[in-house]
Amino acid sequence: MQINDILITAKDRRASDVHITADRNIMLRIDGQLVETELAFSYDEKQSMILSLLSEKHSKKVQSGGDVDTSYETHTGIRCRVNVFHQQKRIAAAIRLLNEKIPTFDELHLPEALRNLANEPRGLILVTGPTGSGKSTTLAAMVDYINDTRACHILTVEDPIEYVYKQKKSLIHQRSVGEDVDSFSLALRSAMREDPDVILVGEMRDFETISAAITAAETGHLVLSTLHTTGAAMTVDRIIDVFPPHSQHQIRTQLAGVLKGVVTQTLLPRARGEGRVAAFEIMTGTDAVSNLIREGKGHQLNSVIQTGTRQGMILLDDYLANLVRTGTITRDAAVEKAGNKTELIAAIGRV
């Protein structure tokens, strides 16, 4: 059995991830849970499988002790995001299976507020959440919606490129960090000379990237990116805390001026099995939100979100409560993902 066969098997079993490591059978993540399969191989066979995923350049990097992020596509068209790393002097791989086509808003059951955000002509939109919560897929749906509806120049900077967009109404260029450009921050700086209207930044990892993304949003571009945070208030705090104390007042003012929305999402198992469903927290950049960010009162953002339903805002706990009410998820699953378990239980009682 070759690596392509394993990936096809994983796809057939509705797995989101494949893990290849020493001393264990091939493992799959199905509906959020790790499952050990009956697929057993020697370490040498596994190493050969992992290296077959890589280009010659990346293979040499791994064999010399480095880690690699890259993409891979099977002969049947299954696209994957691949991370190869070392543990206990042996190599291992975590492989994320991507959708063969970019899902639409309707297919993902995304809230209408996200469509409104995608229609923004400029500003900063952040999609946040833990690893494996579907951030990349939500962003891809938003970018492809723009691609369908607007004649503009979309520039993506990713590590690695995950979804490959077709040229539709927009002109799209996709740059891979490590292949087409050395870093996110360098790509954002050069983007200013490439006449983009929309910029997708795969991840805002460091001070330089965050600073460049905010500057790009200030100069009239629509910038979309991700952060590994849970909740709008925590996202704002994370961005501010990246900057040195003497410049935090200035960055609050800048962020208040450009932030159009923060979308936090998490995935939960459906009550009746067969797949998962996304739950969202949505904060839009209203005047009230901008004022709180500018004044450093991030702890009050949840109150504004709670009262901002007319602007498309909703707290994660309220979204979870609605999913419980409709029977989409169980009460226990909702409580496990709640930001405030007591408030969630109260919200379930209200609905």
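Helices here are DSSP runs of H or I with at least four residues, numbered from the N terminus. The model is predicted.

By that count, α8 covers residues 207–218. Just after this helix, Gly220 takes a positive phi of about 100°. The length of α8 can be checked. At 1.5 Å a residue, its 12 residues should span 16 Å, and the end C-alpha atoms are 16 Å apart, so the two values agree.

Which residues of α8 are buried? They are Thr209, Ile210, Ala212, Ala213, Ile214, Ala216 and Ala217. An α-helix has 3.6 residues a turn, so residues three or four places apart point the same way. Several elements cover the buried residues of α8. Among them are the strands β7 (123–128), β10 (198–201) and β11. The helices α7 (184–191), α9 (232–242) and α10 (248–258) are also included.

Next comes His221, in the loop that leads from α8 to β11 (222–227). Is His221 buried or exposed? Its relative accessible area is 10%, and buried means under 20%, so His221 counts as buried. Its side chain reaches back to the helix: the backbone oxygen of Ala216 lies 2.9 Å away. His221 also touches residues well outside this loop, including Pro121, Arg122 and Gly123. Met192, Pro196, Asp197 and Ile199 are further contacts of His221.

Now turn to the sheet. Six strands form an open sheet in the order β3-β2-β1-β6-β5-β4, with antiparallel pairing. Strands β3 (33–36) and β4 (68–73) stand at the edges; each has a single partner strand, so one side of each is left without a neighbour in the sheet. From one strand to the next, the twist averages 25°. Within this sheet, 4 bridges join β1 (residues 15–20) to β2 (residues 27–30), and the two run antiparallel. One bridge pairs Val18 with Leu28 of β2. Helix α3 (residues 56–63) packs on the sheet, where it touches β4, β5 (79–87) and β6 (90–97). The direction of α3 makes about 140° with that of β4.

Finally, the nonpolar cores. The largest has 48 residues. Met142, Leu224, Leu320, Ile329 and Leu344 have the most contacts inside it. Helix α6 (residues 135–149) gives the most to this core, with 7 residues. What does Leu344 touch? Leaving aside residues up to four places away in sequence, its contacts are Asp317, Leu320, Ala321, Ala334, Val335 and Ala338. A second, separate core has 42 residues, including Phe184, Ala217, Leu259 and Leu292. Ala217 leads back to the start, as one of the buried residues of α8.

Note on methods
Residues are numbered from 1 along each chain as its sequence is written. This is a predicted model: local features need pLDDT of at least 70, side-chain atom pairs count only at pLDDT 80 or more; totals for chains, interfaces and linings use all residues. Side-chain values use heavy atoms; hydrogens and water are left out. Buried means under 20% relative accessible area, exposed over 50%, partly exposed in between (1.4 Å probe, protein chains only). A polar contact is a pair of N or O atoms within 3.5 Å; within protein, one must be able to donate a hydrogen and the other to accept it, and residues adjacent in sequence count only if both atoms are side-chain atoms. Contact means heavy atoms within 4.5 Å. Two strands pair if DSSP finds at least two bridges between them. Axes are lines fitted to C-alpha atoms, for helices over the stretch in contact, and angles run from 0 to 180 degrees between N-to-C directions. The expected span of a helix is 1.5 Å times one less than its number of residues. A nonpolar core is a set of buried Ala, Val, Leu, Ile, Met, Phe, Trp, Tyr and Cys residues joined through side-chain atoms within 4.5 Å.
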